[in-house]
Number of protein chains: 2
Amino acid sequence: MARTGRPREFDREKAIETAMNTFWEKGFESTSLADLRTVLNLSSASFYAAFGSKKALYEECLKRYTDTCGEVTSYLDDSSKSPKQAIQSMLRHTVTVQTSSTSPQGCMAVLSGMNCCDDNKEVETLTYSVRKQTRDAIFRCVKRGIERGELAATTDAESYTLMLDSFVKGISIQAKDGATEEQLLAAVDYLLMNWTSPMN
Amino acid sequence: MARTGRPREFDREKAIETAMNTFWEKGFESTSLADLRTVLNLSSASFYAAFGSKKALYEECLKRYTDTCGEVTSYLDDSSKSPKQAIQSMLRHTVTVQTSSTSPQGCMAVLSGMNCCDDNKEVETLTYSVRKQTRDAIFRCVKRGIERGELAATTDAESYTLMLDSFVKGISIQAKDGATEEQLLAAVDYLLMNWTSPMN
DNA sequence: TAATTTATGGATCAATCGTTCTATAAGTGA
DNA sequence: TCACTTATAGAACGATTGATCCATAAATTA
């Protein structure tokens, strides 16, 4: 049973991907409706009919981001790997994605919705929740590391997580500032020397 | 020889400090002229007579920031301390400033000018240069550490710096997201276990 | 006191913001 | 074919953006 009415002339899924890259690169506030209409090649009416509002589209884009490029929990919750290996895989993947020349540099959840004006605090909150998801997953991984004896039993899981997650979030700034994949992978290696293992 | 003309009715230095805190908290793009006029309690004419433009005021505020709260090179270039101690002092100071309840959380150079619209790329560039200054100072400190034998001679100074600086920049995100001074100081301690010293 | 200089309050500017409206086009179902 | 539904292009909306103008106020200098 086909849908009635005039069919949409553009691919909504592709549009979300394009918009995601725009928000990712420029940030929510600095991406105007005019910007979006330009990259999507849409009239105002089509835009609003398809997406509802700028904010609603951002929400869809952020979801798309966490479902694709920004997805990291699968690495961190993979208990077939040792926690250290899981963290290492996540970090390397993060570096590769955030320095790729085929997408904007840095992490969308760190760069696109940190500082919004008063009218758009929901965007900040939404973006924060994505950052929190990653931190929570790191926390789970660190706890596994302690349980398995891969990290000292005295390790403060919360602070150790904060140490790792600060580094993760900092990668975004470095990538945005022009650090290369090679340099950041080396930085990851240095960080992981910190993984205090009785087995090393 | 006193200045001629009607005297200014407000304290320009205090105004810069107030504006600095506003830019620091909300970011350049999300701080409107109306916001500034409100917190400074100024008419448009007075604002433009005193500061020239929003961009020019931001520039002064960023300078004020690097001269005061955001100043870290003195810690890093203090050769009376060991490089590790210098890094540690810098990190602890950074955490304390960025989690202080008397000023906005996080670092102004990371949070206030990362993502500007096309018209304000100079603001991005300016803010970037502040981030770079810190990174350069860390680099000098790391090199001293290698020279003094405090870090392995094989250490890649650039990547090691990137590791430390990523953590530094990440502190801003964590502070903005609500991490406390205590938690972040503990994270600093964990990070510095990474300082590979033949003397430890 | 008069001339000069700078600051102030408040109206106003063009441009842009995100959004909505109107008329028309293009499809489906009866 | 005709009613119905949805999409389109493009004008237009009120609000806000950063910035300027104008008349007046308050100081210094002569």
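The following paragraphs lead through a predicted model of two protein chains and two DNA strands, looking at how the chains meet and then at what surrounds each strand.

Residues are numbered from 1 along each chain as its sequence is written, and chains are lettered from A, with ligands numbered from 1, in the order in which they are written. Because the model is predicted, local features need pLDDT of at least 70 and side-chain atom pairs count only at pLDDT 80 or more, while totals for chains, interfaces and linings use all residues, and side-chain values use heavy atoms, with hydrogens and water left out.

We begin with the two protein chains. A rotation of 180° with 0.0 Å of shift along its axis superposes chain A on chain B with an RMSD of 0.0 Å, where the copies are fitted by least squares on the C-alpha atoms of residues with pLDDT of at least 70 in both. The two copies are therefore related as by a two-fold rotation axis. The same surface serves both copies, since 100% of the contact residues of chain A recur in chain B, contact meaning heavy atoms within 4.5 Å.

How many residues does the contact take from each chain? It takes 44 residues from chain A and 44 residues from chain B. The size of an interface is often given as the accessible area lost when the parts come together. Between chain A and chain B the buried area (the accessible area, found with a 1.4 Å probe, that two parts lose on being put together, summed over both) is about 3,500 Å², and carbon and sulfur atoms give 57% of this area.

Between chain A and chain B there are 4 salt bridges, each being a side-chain nitrogen of Lys or Arg within 4 Å of a carboxyl oxygen of Asp or Glu. In one of them B:R131 pairs with A:D177, with 2.8 Å between the closest N and O atoms. Across the same interface, 18 residue pairs, both at pLDDT 80 or more, are in polar contact; this term stands for a pair of N or O atoms within 3.5 Å, and within protein one must be able to donate a hydrogen and the other to accept it, while residues adjacent in sequence count only if both atoms are side-chain atoms. On the side of chain A that touches chain B, α9(A) gives the most, with 14 residues, helices being DSSP runs (H or I) of at least four residues, numbered from the N terminus.

We turn next to the DNA. DNA strand C is surrounded by 28 residues, and the closest are A:L33, A:Y48, A:K54, B:R6 and B:E9, a residue being near a strand if one of its heavy atoms lies within 4 Å of it. Of the atoms of DNA strand C that come within 4 Å of the protein, sugar and phosphate account for 66%. The side chain of A:Y48 has an N or O atom 2.7 Å from a phosphate oxygen of this strand, whereas a polar side-chain atom of A:S44 lies 3.3 Å from a base oxygen of DNA strand C.

DNA strand D is also surrounded by 28 residues, with A:R6, A:E9, B:L33, B:S44 and B:Y48 as the closest. Here 69% of the strand's atoms within 4 Å of the protein belong to sugar or phosphate, and the rest to bases. A backbone N or O atom of B:L33 is 2.6 Å from a phosphate oxygen of DNA strand D, while a polar side-chain atom of B:S44 is 3.4 Å from a base nitrogen of DNA strand D.

Technical notes: Helices (H or I, at least four residues) and strands (E, at least two) are DSSP runs, numbered from the N terminus.
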